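Colleague: Before we discuss the assembly, I should like each term to be set against its definition. May we take the model below as our text?

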Amino acid sequence: MPTLTRKEVDEIAMLARLHLEPDESARMQDDLGKILDHFLALATVETEGVPAMTHAVPMDLRLRSDEPAPSLPASDALRGAPAREGDTFLVPAIINGGDA
Amino acid sequence: MSNLDELLENWEPVIGLEVHVQLATKSKAFSSSAVKFGASPNSLTDPLVLGMPGTLPQFNQHALELALLLGVATESKIRARCRFTRKHYFYPDQPKGYQISQYDEPLCEDGHMNLIVNGQIHRVPLTRIHLEEDAGKNTHVGAFSHVDLNRAGVALVEVVSAPVMHSSEEAAEFMRSLHRLVRWLAISEADMEKGQMRCDANVSVRRRGEDRLGTRTELKNINSFRFVQNAIEHEIARQIRLLETGERIIQETRLWDADLGASAPMRSKETAEDYRYFPDPDLPPLVVDGALMGSILKSLPELPTQRFERYIKQHGLSPDDARTLISERTLADYFDAAEQAHPGQASGRTLANWMLSELLGALNADGKTIDGTPMSATTLSDLVVLVENGTISGKIGKEIFEESYKTGEAPAAIVERRGVQQISDEAALWEIVEQVVAANAKQAEAFAAGKDGLFGFFVGQVMKLTQGRANPVITSDLLHKRLGR
Amino acid sequence: MSPPTQWLSATETAAKVASGELTASRIVDHYLARIANIDREIGAYLVVSSDEARRAAQEIDQARAANQPLGPLAGVPIALKDMLVTKGTVTTAGSKILEGWIPPYDGTVVEKLRAAGAIILGKVNCDEFGMGSSTERSAYKKTKNPWDTSRVPGGSSGGSAAAVAAGLCAASLGTDTGGSLRQPAAFCGCVGFKPTYGRVSRWGVVAFASSLDQVGPLTRTVRDAALMLEVIAGVDPRDSTSLDAPVPKYTDALTGDVKGLRVGVPHEYFEGTIDDEVRAAIEKTKQALVERGAILVEISLPNTAHALAAYYIVAPAEASSNLARYDGIRFGKAAAGAKNLYDLYARSRGQGFGPEVKRRIMLGTYALRSGYYAAYYKKAQQIRTLIKRDFDNAFQHVDVILTPTTPTAAFRFNSKASPLEMYLGDVFTLSCNLAGIPGMSVPCGITIDGLPIGVQLLGKPLDEATLLRTGGVIEAVVGLGARRPGGVPA
């Protein structure tokens with residue numbers, strides 16, 4: 001059941017935004033399939049009523065007081081950007097709210 | 001839109017709203033970067049906002065307090081323990097590649113919004129209210145998009161109504177009510193033009209009498225109250241027309257274009273978006289304990305619709321006037337302060353009238369709002385009392401108002417200085433009436449003969465002789481007596 | 001006679017700086033020269049921060065000359081795994097996608113080291129984003145095991161282990177998500193310590209798997225690990241998962257006394273394929289403890305068999321999420337000539353990530369898909385609870401648990417036929433991260449081929465002290481003593 005089809009590999013690659021060359025895709029299908037087969041055994045473990053693990057030493061979320069701290073200057077924020085225009089990051093146009 | 005009215009005879013719209021409200025915190029939801037509208041691009045970021053490697057979220061206490069305040073104000077059920085969830089999608093305005101939000105354990109559930117419809121309170125159930133962070137902004141320029149992350153990470157609540165509204169008017173009223181409520185409680189400035197309150201609408205239609213819900217579309221990019229009504233109406237009409245010609249409704253997201261007055265489908269992708277929700281491992285469970293709830297409940301003031309009802313019941317205000325007074329908390333507080341300055345000496349109705357016509361009129365002309373009023377509630381109340389107890393006439397009162405508003409001088413002092421106390425002494429007025437009638441015998445005859453319009457002339461003459469100080473009611477009585485009818 | 005500078009422990013180095021016997025500048029120069037000499041062969045360092053290190057050393061020397069108080073690590077040269085964010089120094093996490101990235105901030109542990117007077121010598125190699133068990137998955141270079149340069153140093157903190165073992169730093173900080181400190185420590189004859197989850201801040205640690213990652217020391221001695229822990233442990237408001245618990249003086253734990261110590265031996269860890277020499281060394285270690293008054297207790301950790309699957313679902317799932325931020329837009333490398341936005345994302349990530357990282361992102365994305373979430377991620381998180389319960393139950397009867405760190409000693413380069421085969425080598429170390437408990441590897445023997453063997457100790461949450469105490473005794477009795485790796489000049 002978990003053995004992956006090529007279509008599934010492509011779907012996951014798209015969800016993860018990973019461009020795979022055809023040979024990469026084929027290898028991925030093989031590798032992932034084998035790994036996932038190995039995990040089939042998990043389904044047999046009885047976990048009814050067992051809570052999901054959150055922390056080794058249970059704790060609640062600490063709250064931060066609402067005090068603003070200095071921001072990075074825009075020049076620092078943009079310093080490592082591969083593409084920029086003035087003080088903004090630059091990406092290929094996003095048309096119609098979609099992303100292709 | 002009479003055509004729509006015709007269509008609506010056979011079809012019932014079903015509308016649900018998802019409203020994002022920016023919380024009025026000084027720093028962001030999970031980062032201490034400041035929150036400010038209109039700052040220069042990318043000047044309100046830090047390594048966490050930029051999604052840099054190694055950064056981790058820290059949750060803003062005040063964001064929690066504001067969200068809880070909204071939860072109790074809407075009588076929602078508050079979870080004692082809830083989690084933050086990661087919602088994954090790739091978009092340049094979402095630096096981490098995921099948004100921190102809440103999915104299956106929202107902070108608040110099953111509350112309701114109180115709307116005022118036809119002068120009555122009308123409840124719209126809420127499905128949930130949850131916490132999340134905002135995304136940055138993309139601006140389209142030619143072949144590129146420019147990304148500004150100033151807004152990324154700002155604390156939001158998402159308020160989701162049950163899909164139980166049945167008209168665009170109701171939906172618009174929902175937005176106005178929510179807007180009023182969050183401003184009332186200082187939860188958010190909620191300026192739609194600044195993007196501090198944004199709404200998406202889920203719209204479907206079904207034949208009247210049917211139980212099943214139709215296919216719904218999601219409308220986005222609605223960023224003003226006006227658009228809420230227009231966009232929803234347009235979508236309702238579009239869907240009905242399609243269905244009446246035998247077509248299907250495609251479940252899709254559509255973007256509203258205000259310039260065109262129409263919506264268009266967002267480019268759909270081959271695969272449906274899968275957000276791959278899972279509990280954020282960087283944030284342990286959020287616990288709301290009794291002490292916190294206690295302090296939130298204690299801080300809850302009288303809510304707008306509660307005041308609306310009180311104004312009608314206690315002060316006999318009309319629903320319209322009551323509604324106007326609660327449109328801003330400062331207005332309602334002003335009214336309450338004016339009413340309490342001289343309890344029993346000036347009726348609520350009278351005070352409301354003076355506020356809504358004289359005061360707001362003057363403020364409007366000045367381009368001011370109640371927040372910038374030069375006349376305090378006590379002063380206005382002082383003035384109204386002077387009119388109510390007969391010290392000055394209403395007409396004079398209006399003149400005094402103008403002067404006090406402009407100069408800040410106390411109304412009583414102006415009255416004293418100008419010597420414009422009302423003359424209510426009957427004997428004194430009778431003398432003047434006699435004088436006036438005697439001096440205008442011809443008109444008196446004409447009036448007696450049936451020329452009704454001349455009554456005003458006599459009133460005017462009395463006013464002239466008394467510099468406008470004659471008590472109008474007594475004057476009128478005495479004139480009638482003297483003139484014989 | 002005092003050992004040469006490069007073999008001084010961090011503790012000894014700090015003492016000599018404090019006493020004035022050695023200057024920090026002398027020490028730093030010595031290490032820099034040795035790095036220049038040897039690291040061509042070993043390949044531990046990605047970045048050597050010579051100027052910065054010399055400046056820091058001068059400051060320490062000036063402070064000492066002015067009789068100012070010195071921090072506990074003053075003058076001690078440390079190498080940092082390149083998963084630790086360092087302000088102004090390139091940080092890559094071993095990946096091309098972060099090539100040339102200069103962070104504008106220091107991580108908490110780095111700040112703490114600096115405040116303690118430590119000298120940062122540079123950044124050392126690791127498997128890309130911590131994903132690997134041999135450092136072969138670094139996008140930059142191969143790191144060799146100083147004991148036998150035809151073999152791997154382990155991973156993902158292979159650079160740290162090699163640098164410590166080869167005398168190219170006095171100590172190192174690495175990270176451990178499934179064994180990445182302990183396994184390289186075992187392969188390189190060092191001490192590797194993973195603290196309780198939440199003991200050390202993750203602010204400034206490039207995230208691999210958020211609920212499993214911890215920073216820890218990789219050192220030549222147990223005392224050094226204790227010293228480093230004292231410096232880096234503690235609550236950090238910037239890390240919402242860090243524990244608000246007091247930090248004991250860990251160096252006080254090294255009493256040398258294990259009388260009455262109950263040592264749990266889980267039979268599940270001894271049933272699979274383990275190298276004969278590894279078995280023998282572990283046996284010797286158990287006997288050594290018994291001779292010193294410890295009591296061996298047979299225990300069972302029944303859910304051990306599911307640890308591998310649980311780990312290889314949780315870790316990739318969280319990694320796929322944590323690595324979603326690498327998109328070539330705000331920092332790091334972008335693909336050239338992207339036709340549209342989708343292309344920019346897919347090609348930048350496709351080119352910037354290595355095959356192992358891509359594999360794990362795919363695995364993680366698969367496990368988190370709606371429809372699969374309950375069967376995979378949620379299930380794995382439930383199994384973690386079962387594994388933790390196993391440990392909780394065991395710790396009712398024992399004070400510390402002893403297992404091999406790895407089934408074999410260091411393997412040769414390119415010797416794992418498949419990703420799965422590589423994963424299988426992690427069986428002993430994974431449960432510790434899944435349960436969030438502290439774990440440590442201490443050298444306990446050497447094979448006939450001259451390869452170090454490590455024994456693993458697992459402890460109760462926040463009981464780092466018992467691990468250090470036990471490890472200290474093991475080190476004294478069956479440790480490698482003054483033995484040095486054959487692959488580098490003495």
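**Core, sheet and contacts**

Modeller: In the largest nonpolar core, which has 295 residues, Ala67(B), Ile78(C), Ile119(C) and Ile313(C) touch the most other members. Helix α9 (residues 307–322) of chain C gives the most to this core, namely 11 residues. The model is predicted, so local features need pLDDT of at least 70 and side-chain atom pairs count only at pLDDT 80 or more, while totals for chains, interfaces and linings use all residues. Residues are numbered from 1 along each chain as its sequence is written, and chains are lettered from A and ligands numbered from 1 in the order in which they are written.

Colleague: What makes a set of residues a nonpolar core?

Modeller: The members are buried Ala, Val, Leu, Ile, Met, Phe, Trp, Tyr and Cys residues joined through C-beta atoms within 7 Å. A residue is buried if 20 or more other C-beta atoms lie within 10 Å of its own, with C-beta atoms placed from the backbone. Another core of eight residues lies apart from the largest one, and includes Leu429(B), Val436(B), Val437(B) and Phe458(B).

Colleague: Which residues does Ile119(C) touch?

Modeller: Leaving out residues up to four places away in sequence, Ile119(C) touches Ala24(C), Val28(C), Ala53(C), Ala56(C), Ala57(C), Gly75(C), Val76(C), Pro77(C) and Ile78(C). Contact here requires C-beta atoms, placed from the backbone, within 7 Å.

Colleague: How are the strands of the open sheet ordered?

Modeller: The order is β2(A)-β3(A)-β11(B)-β10(B), with antiparallel pairing. Strands are DSSP runs of E with at least two residues, and helices are runs of H or I with at least four, numbered from the N terminus.

Colleague: Why is one side of β2 of chain A and of β10 of chain B left without a neighbour in the sheet?

Modeller: β2 (84–85) of chain A and β10 (137–141) of chain B stand at the edges and have a single partner strand each, so one side of each lacks a neighbour.

Colleague: How do you know that β3 of chain A and β11 of chain B pair?

Modeller: Two strands pair if DSSP finds at least two bridges between them. Strand β3 (residues 88–92) of chain A and strand β11 (residues 144–148) of chain B have four bridges, in the antiparallel sense, and therefore meet that definition. Phe144(B) is the bridge partner of Pro92(A) in β11(B).

Colleague: How many residues does each chain give to the contact of chain A with chain C?

Modeller: Chain A gives 43 residues and chain C gives 56. On the side of chain A, the largest share, six residues, comes from α2(A).

Terms used:
A residue is buried if 20 or more other C-beta atoms lie within 10 Å of its own, exposed if 12 or fewer, and partly exposed in between; C-beta atoms are placed from the backbone. Two residues are in contact if their C-beta atoms, placed from the backbone, lie within 7 Å.
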